[in-house]
There are 2 protein chains.
Amino acid sequence: MPKQDRSRATRQRLLEAAVACLAEHGWAGSTVAAVAERAGVSRGAAQHHFPTREDLFTAAVEYVAEERSTALRDLFPGGPADRRAVVTALVDLYTGPLFRAALHLWVAASNEDQLRARVTELEARVGRETHRIAVDLLGADESRPGARETVQGFLDMARGLGLANLLTDDTARRARVVAQWADLLDESLR
Amino acid sequence: MPKQDRSRATRQRLLEAAVACLAEHGWAGSTVAAVAERAGVSRGAAQHHFPTREDLFTAAVEYVAEERSTALRDLFPGGPADRRAVVTALVDLYTGPLFRAALHLWVAASNEDQLRARVTELEARVGRETHRIAVDLLGADESRPGARETVQGFLDMARGLGLANLLTDDTARRARVVAQWADLLDESLR
């Protein structure tokens, strides 16, 4: 592999290991050294890519969020699709390791000044992109009064469902809630 | 004050200090000693009431959640009320120090085995009670298909709105989302 490709591959391994580490061990258990070890990368190489712990973990959450956004768009290549399928796919964004990792980062940022500004900015960027995807795939006409807030409230619900899945497996209840809210959204956006 | 009353007052001071401490400093910064100091109680007295850190903080979140439930019912003594007012009051449950404290406890519990079982059980109890209040005050007829899931999804949305308020002041956006979803809920539950 050319040097540049190897460097990119190392970076990617570090980012993926960082999200997994955050999701499993939380912010307190997530250090550059722990991630380097998990990724099979030397500590020096990890620090070359990410000088600080904050750099590594905010970059990791952003990278994985972008990957998931791309995957979501690829699921519906024709744009607006069946609303129940889109609602289910959007809610799925909030029930996996990425959401757990992001949640640990948000909560840590609420008490740590070095993190707060960066995570706030990251969250705004990721939130805008998710909103854009949701509007597109749900075929929502934001020029209609209330349509924007309907989509926003639905994404807030999706985040709440992610939270409800943190300590217990909430799959069965979630499926029923999602089915009902997909109908509510469908009626409201029609 | 009789001894028993003094003991109850001390306990209450500890519980309120514990929620404030969790909300401000997170789980890592929340110890029995820190709470005792904040409450102006000796460490020995604190440990008499709450032998372990887990005892203190789960009891604190439960106590404050009960206080808030009672306050919420007292806001609408006549039972079912104007849905927009009820929706706003329910969402308010998730934007203050209690929600921040509970969030810190949930997230810590997701990585700590001593906490997980207790917080899971606490969360189920508090969640059931909040659902019951929401059903009552929204005047939802749970025998109608979908009504239960409409209310559940709304409470998930309220939790998601709490999360969105963690790092930034989300008041203005939240008010618009709440206004829109109060209308959608009203139509759906009518």
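So, how much area do chain B and chain A bury between them? In this predicted model, the figure is about 3,200 Å², and 65% of that sits on carbon and sulfur atoms. Three residues stand out on the chain B side: B:D156, B:L167 and B:W181 supply 21% of what chain B buries against chain A, more than any other three residues. In terms of residues, the contact takes 39 from chain B and 40 from chain A.

Okay, polar side of things. The rule finds 3 salt bridges across the interface. One of them involves B:D156 again, paired with A:R173, with the closest N and O atoms 3.0 Å apart. There are also 16 residue pairs in polar contact between the two chains, counting pairs with both residues at pLDDT 80 or more.

Now, which helices of chain B are doing this? Helices 1, 6, 7, 8 and 9 of chain B each put in at least two residues on the side touching chain A. Helix 8 gives the most, with 12 residues. Taken as a whole, that side of chain B divides into 17 nonpolar, 14 polar and 8 charged residues.

Let's stay with helix 8, residues 147-164 in chain A, because its axis and that of helix 8 of chain B cross at roughly 90°, which makes the two helices roughly perpendicular. Their axes come within 6 Å. Among the residues making that contact are A:G153, A:D156, A:M157 and A:G160 from chain A, and B:G153, B:D156, B:M157 and B:G160 from chain B. The contact residues here divide into 8 nonpolar, 4 polar and 4 charged.

Key: Residues numbered from 1 in each chain as written. Chains lettered and ligands numbered in written order. Predicted model: local features only at pLDDT ≥ 70, side-chain atom pairs only at ≥ 80, totals over all residues. Heavy atoms only, no water. Contact = heavy atoms within 4.5 Å. Buried area = accessible area lost by both parts, 1.4 Å probe. Salt bridge = Lys/Arg side-chain N within 4 Å of Asp/Glu carboxyl O. Polar contact = N/O pair within 3.5 Å; in protein donor to acceptor, adjacent residues only side chain to side chain. Helix = DSSP H or I, 4+ residues; strand = E, 2+ residues; numbered from the N terminus. Nonpolar A, V, L, I, M, F, W, Y, C, P; charged D, E, K, R; others polar. Axes fitted to C-alpha atoms, helices over the stretch in contact; angles between N-to-C directions. Parallel < 35°, antiparallel > 145°, perpendicular 65-115°, else oblique.
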